[in-house]
Amino acid sequence: MENKILGIHHITAIAGDAKRNFNFYSKVLGLRFIKKTVNFDDPGTYHFYFGDEIGSAGTILTFFPWGDGIQQGRKGSGMATEIGYSVPKGSLDFWVKRFEEYNVIYNKPSVKFGERYLTFLDPDGLKLELIESKNPDNRKAWETDEVKADVATKGFHNITLTLNNIKPTAAILTEVFDYKLVEQEANRYRYATDAVEGAAIVDLVELADEKRGHVANGSVHHVAFRVKNDEILMHFREKIEKRGLSITPQIDRQYFHSLYFREPGGILFEIATDNPGFTIDETLENLGKDLKLPPQYESRRDQIESHLVKIN
């Protein structure tokens, strides 16, 4: 099997109120709620996963909802600043009407790289985009009673990283992850991998004088890139170490195995495996129904549940 990065695996962001976050992504955006667990490093806090029907890599958006009292993030350099979702062509009118109905802050549709897109903010100020991809997206959308497949999100289109100088980050994408520069508009550089069709794009925006951003409420915590299995994961660990970057040992995240490192621009990158997947502790039909705890916290279930707000 080739040692390949297979695009984006998941993206993790920080939210405030847990119920508000759950309602927005599962109801307004119509994503499937695929896992309700806790932050493995802070079990008093939820960790939510949203995605397609099975939680396919490239569709998984996860949140740490830390409560309404947390500090607001500040967009700036050294951050992932925009999350782009692929939607079917002709669907933006539906989304404009829906955002009006639910009082979602949005900008009128515009165009970049020849693709129509709609920018909006979630309730915590996280910036997202719905993008009518110019390339066919054959991924199967999850649909709800209100958001049908002909307008529903297909998974990630791209992630945007804002940097003072893109060259060191671009070198990681091209020399380590095998991405290629495919397009440029002004100070936005589009990199893509041909290893997968969806969730294959990373945009680098260069703003030399931009102040450093602050990761907190309403901002992206980290971006995870996908590999097929543990063997390939450890191959990339060796490659990154050889570049003089500090990288963690392999960490078991229950539904995938991970490595973490900060790329030269300061953004936290993760590399995550496909295995073992989200049905390891729930059936496909029951994904997201019950609170799932990692084995080390199961003995504390009653205590943990008593501190978590009910969301559904």
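Select Gly-288 and Glu-282 in this predicted model: the backbone nitrogen of Gly-288 lies 3.3 Å from a polar atom of the Glu-282 side chain. Glu-282 itself is found in the loop that runs between strand E16 and helix H5 (301–307). Is Glu-282 buried or exposed? The relative accessible area is 7%, and a residue counts as buried under 20%, so Glu-282 is buried. Add Lys-35 to the selection to display a polar contact of 2.8 Å between its side chain and that of Glu-282. To complete the surroundings, show the residues that Glu-282 touches beyond four places in sequence: Ile-34, Lys-35, Leu-287, Gly-288, Lys-289, Asp-290 and Lys-292.

**The sheet from E2 to E14**

Next, colour the strands of the open sheet of 8 strands whose order is E2-E3-E4-E1-E13-E16-E15-E14. The pairing in this sheet is mixed. Its edges are strand E2 (32–39) and strand E14 (251–252), each of which pairs on one side only. Within the sheet, select residues 42–51 (strand E3) and residues 60–65 (strand E4): these strands are antiparallel and share 3 bridges. One place to look is Phe-48, whose bridge partner in E4 is Phe-63.

**Helix H4**

Now select residues 230–242, helix H4. The helix contains 13 residues and spans 19 Å from its first C-alpha to its last, close to the 18 Å expected at 1.5 Å a residue. Which residues of H4 are buried? They are Ile-232, Leu-233, Phe-236, Arg-237 and Ile-240. These residues are on the same side of H4, because they cover an arc of only 150° around the axis. An α-helix has 3.6 residues a turn, so residues three or four places apart point the same way.

Display the elements against which the buried residues of H4 pack: helix H3 (167–176), strand E13 (220–227), strand E15 (256–262) and strand E16 (268–276). Then rotate to the face turned away from the buried side, which carries the exposed residues Glu-231 and Lys-242.

The two ends of the helix merit separate views. At the N-terminal end, Asn-229 acts as a cap, with a side-chain oxygen 3.2 Å from the backbone nitrogen of Glu-231. After H4 comes Gly-244, which has a positive phi, near 80°.

**The sheet from E6 to E10**

Move to the open sheet of 8 strands with the order E6-E7-E8-E5-E9-E12-E11-E10, where the pairing is again mixed. Strand E6 (110–112) and strand E10 (180–185) stand at the edges with a single partner strand each, so one side of each has no neighbour in the sheet. On average, neighbouring strands of this sheet are turned by 30° against each other, direction ignored.

Select strand E5 (79–87) and strand E8 (127–132), which run parallel and are joined by 5 bridges. Val-87 has Glu-132 as its bridge partner in E8. Helix H2 (92–101) packs on the sheet, where it touches E5, strand E7 (115–121) and E8, and its direction makes about 15° with that of E7. Helix H3 lies across strand E9 (155–163), strand E11 (188–192) and strand E12 (201–206), and runs at about 160° to E12.

**Glu-115 in strand E7**

Centre the view on Glu-115, which lies in strand E7. Glu-115 is buried, with a relative accessible area of 3%. Its side chain reaches the backbone nitrogen of Lys-134 at 3.0 Å. Beyond four places in sequence, the contacts of Glu-115 are Ser-110, Ile-131, Glu-132, Ser-133, Lys-134, His-157 and Arg-190.

**Strand E11 and its partners**

From Arg-190, extend the selection to all of E11, where 5 of the 5 residues are buried, so the strand is largely enclosed by the rest of the structure. Arg-188, Arg-190 and Ala-192 point one way, while Tyr-189 and Tyr-191 point the other way. In a regular strand the side chains alternate between the two faces of the sheet.

On one pairing, E10 and E11 are antiparallel over 5 bridges, and Glu-183 has Arg-190 as its bridge partner in E11. These two strands form a hairpin with 2 residues between them, and Ala-186 in the turn has a positive phi of about 55°. E11 also pairs with E12 in the antiparallel sense, over 5 bridges. As a final selection, show Tyr-189 with Leu-204, which stands opposite it in E12.

Definitions and conventions
Residues numbered from 1 in each chain as written. Predicted model: local features only at pLDDT ≥ 70, side-chain atom pairs only at ≥ 80, totals over all residues. Heavy atoms only, no water. Pairing = 2+ DSSP bridges. Helix = DSSP H or I, 4+ residues; strand = E, 2+ residues; numbered from the N terminus. Expected span 1.5 Å × (residues − 1). Buried < 20%, exposed > 50% of the residue type's maximum accessible area, 1.4 Å probe, protein only. Arc of directions from axis to C-beta. Contact = heavy atoms within 4.5 Å. Polar contact = N/O pair within 3.5 Å; in protein donor to acceptor, adjacent residues only side chain to side chain. Axes fitted to C-alpha atoms, helices over the stretch in contact; angles between N-to-C directions.
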